[in-house]
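Open the model in your viewer and keep the sequence panel beside it. The tour below goes from one selection to the next.

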Amino acid sequence: MAPTKSVVNPTSKMSLASLDELAGMEPSVSWKALLRRGAAESGCGTGHLPFSQWGGELNEQNQRVIRADCDRTRAEHEFFRRGDVRAKMEAMLTCWCQQQQARYKQGLNEVLAPFLLLQSGPAAEAPTDDEVYLCFAAFLRRFAPFFFSLRL
C-alpha cells in the first residue's frame with residue numbers, strides 16, 4: 001500500500017486522511033482547500049480588497065490585449081462564450097494587474113479559466129467571484145511567480 005500524505009483543509013482546520021479523500025471531493029471544494037492554504041502562507045489577498053469590492057477601471061495600458069484574450073479563451077466551450085463571463089474574466093484580470101501592480105501577460109486568461117469554469121456547475125457548489133479570484137491569485141503566487149513583474 002502506498003503511503004498517503006496528510007493535507008490540511010484551511011477552511012475547516014480539519015486534516016484530510018489522504019490525497020485519495022481530497023480527490024473524492026467536489027472540484028471547487030478541493031481547489032479552495034489547497035489554494036486557500038497557499039494564499040494564507042504567502043499572504044496573498046492581504047492588503048487588497050476582495051474582487052467584489054474592487055472599484056477599478058478597465059484602463060490598463062494593454063487593456064485591448066486583455067479583452068482580446070478573454071474573447072478567445074476556450075471559445076469552444078459555451079460557458080466562455082457568454083458575455084457576462086467574458087466581462088467578469090476581463091475585470092478579474094484587470095483587477096489582478098492593478099492590485100499586484102503588474103503588467104498583464106498573455107496566458108493569464110488561461111490560468112484564470114479553470115477557476116471560472118468551477119462556476120458553471122450547480123449554484124450550490126459553485127464558488128463565489130471572490131473565491132474564484134482568491135484561488136486564481138493564490139495559484140499564481142504559488143505556482144507561477146514569473147507572472148509577477150512590476151509595470152514597465
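**Aromatic rings**

Start by selecting the aromatic side chains of this predicted model; with ring centres required to lie within 6.5 Å, the count comes to seven aromatic pairs. One of them joins Tyr-133 and Phe-136, with 6.5 Å from centre to centre and 55 degrees between the planes, a tilted arrangement. A pair of aromatic rings is described by the distance of the centres and the angle of the planes.

Show the backbone around these two residues. Both Tyr-133 and Phe-136 belong to helix H7, which covers residues 129–143. They are three residues apart, about one turn of the helix. Are the two residues buried or exposed? Tyr-133 has a relative accessible area of 6%, so Tyr-133 is buried. Phe-136 has a relative accessibility of 0% and therefore counts as buried too.

Now add Phe-51, Trp-54 and Trp-96 to the selection. Together with Tyr-133 and Phe-136, these residues form a cluster linked by ring pairs.

**Helix H5 against helix H7**

Keep H7 on screen and select helix H5, residues 83–100. Two packed helices are described by the angle between their axes and the distance between the axes. For H5 and H7 the angle is about 50 degrees, and the axes are 11 Å apart. An angle of this size makes H5 oblique to H7. The crossing of H5 with H7 is right-handed.

Next, show the side chains where the two helices meet:

- On H5, select Lys-88, Met-92, Leu-93, Cys-95, Trp-96, Gln-99 and Gln-100.
- On H7, select Asp-129, Val-132, Tyr-133, Phe-136, Ala-137, Leu-140 and Arg-141.

Colour this selection by residue class. Nine residues of the contact between H5 and H7 are nonpolar, two are polar and three are charged. Trp-96, Tyr-133 and Phe-136, seen before in the ring cluster, are among the residues of this contact.

**Helix H3 against helix H5**

Hide H7, keep H5, and select helix H3, residues 63–72. What is the angle at which H3 and H5 pack? The angle is about 140 degrees, with the axes 9 Å apart. H3 and H5 are therefore oblique to each other, and their crossing is right-handed.

Again, bring up the side chains of the contact:

- H3 contributes Gln-63, Ile-66, Arg-67, Cys-70 and Asp-71.
- H5 contributes Arg-86, Met-89, Glu-90, Leu-93 and Thr-94.

Coloured by class, the contact of H3 with H5 shows four nonpolar, two polar and four charged residues. Leu-93 is listed in the contact of H5 with H3 and also in that of H5 with H7.

**Three residues to click on**

Select Thr-94, which is part of helix H5. With a relative accessible area of 0%, Thr-94 is buried. If residues up to four places away in sequence are not counted, Thr-94 touches Trp-54, Glu-57, Leu-58, Glu-60, Gln-63 and Ile-66. Trp-54 in that list is also a member of the ring cluster.

Move on to Ile-66, in helix H3. Ile-66 is buried as well, with a relative accessible area of 0%. Which residues is Ile-66 in contact with, leaving aside neighbours within four places in sequence? They are Glu-60, Glu-90, Leu-93, Thr-94 and Tyr-104. Select the C-alpha atoms of Ile-66 and Tyr-104: the two residues are 38 residues apart along the chain, and these atoms are separated by 7.2 Å.

The last of the three is Glu-90, in helix H5. Its relative accessibility is 7%, so Glu-90 counts as buried. Not counting residues up to four places away in sequence, Glu-90 touches Leu-58, Gln-63, Ile-66, Arg-67 and Cys-70.

**Helix H6**

Select residues 108–117, which make up helix H6. Seven of the 10 residues of H6 are buried, so the helix is largely enclosed by the rest of the structure. To see which ones they are, pick Leu-108, Asn-109, Val-111, Leu-112, Ala-113, Phe-115 and Leu-116.

**The whole chain**

Finally, zoom out and show everything as a cartoon. The protein chain has seven helices and two strands. Along the sequence the pattern is β-β-α-α-α-α-α-α-α. The chain has 152 residues, and buried residues make up 39% of them. Among contacts with a separation of 6 or more, 70% are between residues 24 or more positions apart.

Key: Residues numbered from 1 in each chain as written. Predicted model: local features only at pLDDT ≥ 70, side-chain atom pairs only at ≥ 80, totals over all residues. Heavy atoms only, no water. Axes fitted to C-alpha atoms, helices over the stretch in contact; angles between N-to-C directions. Helix = DSSP H or I, 4+ residues; strand = E, 2+ residues; numbered from the N terminus. Parallel < 35°, antiparallel > 145°, perpendicular 65-115°, else oblique. Left-handed = near helix turned anticlockwise from the far one by under 90°. Contact = heavy atoms within 4.5 Å. Nonpolar A, V, L, I, M, F, W, Y, C, P; charged D, E, K, R; others polar. Phe/Tyr/Trp six-rings, centres within 6.5 Å; stacked < 30°, edge-to-face > 60°. Buried < 20%, exposed > 50% of the residue type's maximum accessible area, 1.4 Å probe, protein only.
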